[in-house]
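Work through the exercises below with the sequence and the coordinates at hand. Each task is followed by a worked solution.

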Amino acid sequence: MSQIEYVTIKNASRKVLKKMRQIGEEKAQRLQKIQERWEAGDYKDVEVVQL
């Protein structure tokens, strides 16, 4: 797995922009699910090492 913090694409096609938008939306959904599970107490004895 690779992680990219900031991406700049010059003259991006609509297909590339659509895919980047989809990736961003999926990431937001995953983070929301994690937040909901955290608040529900699903994670116990967990240490956060990096955000």
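The exercises concern a predicted model.

**Exercise 1.** State which secondary structure the protein chain has, and place Ile 23 and Glu 36 in it.

Solution. Start with the totals: the protein chain has one helix and zero strands. Next, locate the residues. Ile 23 belongs to helix H1, which covers residues 14-40. Glu 36 is also part of helix H1.

**Exercise 2.** Classify Ile 23 and Glu 36 as buried, partly exposed or exposed.

Solution. The cut-offs come first: buried means under 20% relative accessible area and exposed means over 50%, with partly exposed in between. Ile 23 has 43%, so Ile 23 is partly exposed. Glu 36 has 45%, so this residue is partly exposed too. For the whole protein chain, 0% of the 51 residues count as buried.

**Exercise 3.** Compare the overall dimensions of the protein chain with those of a compact globule.

Solution. For 51 residues, a compact globule would have a radius of gyration near 10 Å. The value for the protein chain is 15 Å. Then take the box along the principal axes: the C-alpha atoms fill roughly 45 × 20 × 15 Å. As a single distance, the C-alpha atoms of Glu 36 and Val 49 are 19 Å apart, with these positions 13 residues apart in numbering.

**Exercise 4.** Describe the surface and the charges.

Solution. The accessible surface is about 5,800 Å², and carbon and sulfur atoms hold 51% of this area. A nonpolar surface patch consists of Val 7, Ile 9, Val 16, Met 20 and Ile 23, with about 380 Å² of accessible area together. Finally, the protein chain has 11 positive and 8 negative charges, whose mean positions lie 15 Å apart.

Key
Residues are numbered from 1 along each chain as its sequence is written. This is a predicted model: local features need pLDDT of at least 70, side-chain atom pairs count only at pLDDT 80 or more; totals for chains, interfaces and linings use all residues. Side-chain values use heavy atoms; hydrogens and water are left out. Patches are made of residues with over 30% relative accessible area and no salt bridge: like charges are joined within 9 Å, nonpolar side chains (Val, Leu, Ile, Met, Phe, Trp, Tyr) within 5 Å. Accessible areas come from the Shrake-Rupley method with a 1.4 Å probe; for residues, only the protein chains shown count as cover. A salt bridge is a side-chain nitrogen of Lys or Arg within 4 Å of a carboxyl oxygen of Asp or Glu. Helices (H or I, at least four residues) and strands (E, at least two) are DSSP runs, numbered from the N terminus. Buried means under 20% relative accessible area, exposed over 50%, partly exposed in between (1.4 Å probe, protein chains only). The radius of gyration is taken over C-alpha atoms; the globule rule is 2.2 Å times the number of residues to the power 0.38. Lys and Arg count as positive and Asp and Glu as negative; His and the chain ends are not counted. The place of a charge is taken as NZ of Lys, CZ of Arg, CG of Asp or CD of Glu.
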